[in-house]
Amino acid sequence: MNRNRSAALYEASREVLPGGVNSPVRAFGSVGMPPIFAARAKGSRIVDADGNEYLDYISSWGPMILGHASSIVHQGVEEVFDAGISYGLPTGKELDLARLIRELYPAAEMIRMVNSGTEATMSAIRLARGFTGRDKILKFEGCYHGHYDGLLVKSGSGTLTFNTPTSKGLPKAMIQDTLVAQYNGVHELKDVFANMGDQIAAVILEPVAGNMGVVAPTKEFLQELERLTKENGALLIFDEVITGFRLGLEGAAGLFGMKPDLVCFGKIIGGGLPVGAYGGRREIMEHVSPLGGVYQAGTLSGNPLAMHLGWNLLNHLKADPGIYDRMEDMAKLLEAGLIDAATKAGVEITVNRIGGMLSPFMTVGPVTTFSQVMTSDTQQYEVFFKAMLEEGILLPPSQYEGWFLSASHSREDVQRTIQAAQIAFQQVKEMAK
Ligand SMILES: *Cc1c(COP(=O)(O)O)cnc(C)c1O
């Protein structure tokens, strides 16, 4: 495949954009090749700057749940443009989307719209601190919540009180109140609460992790989270930026029958436009300004275009919830095909799948913790990724990201992917020799 135009765009971009991109994963650093520049997309297909077509499993990291350039999502967008796209005044469209979200996700009794997932988690943390009057927050290794300072930490030298920043530029003061524990680490969770339960404002987690590859929570982990936060007066924050409206109309909360105190959304709820939202119990949300003393604002928050696309998308999912079962069927088919292809080639993989999102880890498994995720052979993933790309299949350019199906991924698409995987796993095997 010829990718000269992508290569040229990348060279030119590196001159004006750090690393040539506006978000690091797009640089393809983890798969050791220059990035592909997108030109257009439709349904499950994406076409690059050189005119090569790929079957897409990135799906813009989740929002494209009805496929690219969906006429359902885009419906009526011209009227929105014609009416003007930002006023600095409230609009009925914000009310419409907020009501629809609340109807589908009842834990979000009140909602504040923002412009990104990062903004949602950052604001939810501030609100939790303002509401509880406590400073400490607990997060889990391998969960990503955007690039807010206080959440860019990983666990340090094994002690709970010392953590390590995952970025430069974070003053100690910004992260000293962030505690980090292992995802699915029930004992550690109990320890943290035993030691400082009365200082913890909130526990934030991805209720199904999607940013270390897909890792589901254990039942016990969720039960302990619910119990310990309640008993200690800490808030439970579900970061459903990926899982919201992907794992079902009520996201992970619905799947697990839980009711978080606060929830963060992003990605899907904007239908592909920049958006985020946080919401939760009325009594907590009433602390957000101008009603309460926790300040948070946004010039373009609730902008009519994002609200319109988000409403179109959620309203369609509500009208046709069978989409989730169909997507899951396709994902199951893909899961089975990947395992079969790997087994035939003699490559060890573990596929984690939940609903229409999955991750094949290049390791023996099981994969339920961050440490187990880290046993994956990233070299093998790189070979696999490149081989799939040559077969016209675009996967996430990192072992540690989820694959996202959309409603437009057909049985034929999945079968083609499995055929490609049979070739790709052979190449992985040959490399390993
Ligand atoms: C993508 C993501 C975020 C950050 O959202 P942005 O819109 O990129 O700021 C936060 N939490 C989770 C779980 C995410 O996957």
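**Exercise 1. Determine how many salt bridges the rule finds across the interface of domain 1 and domain 2, and describe the contact.**

Solution. Across this interface the rule, which asks for a side-chain nitrogen of Lys or Arg within 4 Å of a carboxyl oxygen of Asp or Glu, finds zero salt bridges. The model is a predicted one, in which local features need pLDDT of at least 70 and side-chain atom pairs count only at pLDDT 80 or more, while totals for chains, interfaces and linings use all residues. Residues are numbered from 1 along each chain as its sequence is written, and side-chain values use heavy atoms, with hydrogens and water left out.

Next, take the two parts themselves: domain 1 covers 4–69 + 321–432 and domain 2 covers 73–319, with bounds that come from an automatic or database domain assignment. Their contact (heavy atoms within 4.5 Å) takes 30 residues from domain 1 and 33 residues from domain 2.

Then turn to the polar contacts, each a pair of N or O atoms within 3.5 Å, where within protein one must be able to donate a hydrogen and the other to accept it, and residues adjacent in sequence count only if both atoms are side-chain atoms. Between domain 1 and domain 2 there are eight residue pairs of this kind, both residues being at pLDDT 80 or more.

**Exercise 2. Find where Asp413 lies and which residues it touches.**

Solution. Begin with the element: Asp413 is found in helix H15, residues 411–432, where helices are DSSP runs (H or I) of at least four residues and strands (E) of at least two, numbered from the N terminus. Asp413 has a relative accessible area of 3% and is therefore buried, a term that means under 20% with a 1.4 Å probe, protein chains only.

Now list the partners: leaving aside neighbours within four places in sequence, Asp413 is in contact with Ser44, Arg45, Leu55, Tyr57 and Ser408. The side chains of Asp413 and Ser44 are joined by a polar contact of 2.9 Å, and the C-alpha atoms of Asp413 and Leu55 are separated by 7.3 Å although these residues are 358 residues apart along the chain.

**Exercise 3. Locate the cis peptide bond from Ser289 to Pro290 and the residue Phe245, whose phi is positive.**

Solution. Recall that most residues other than glycine have a negative phi, and most peptide bonds are trans. The bond from Ser289 to Pro290 is cis, with omega near 10°, and Pro290 sits in the loop between helix H10 (282–285) and helix H11 (304–319). Phe245 has a phi of about 65°, lies in the loop between strand S10 (235–239) and helix H9 (251–256), and is buried at 0% relative accessible area.

How values were computed. Buried means under 20% relative accessible area, exposed over 50%, partly exposed in between (1.4 Å probe, protein chains only).
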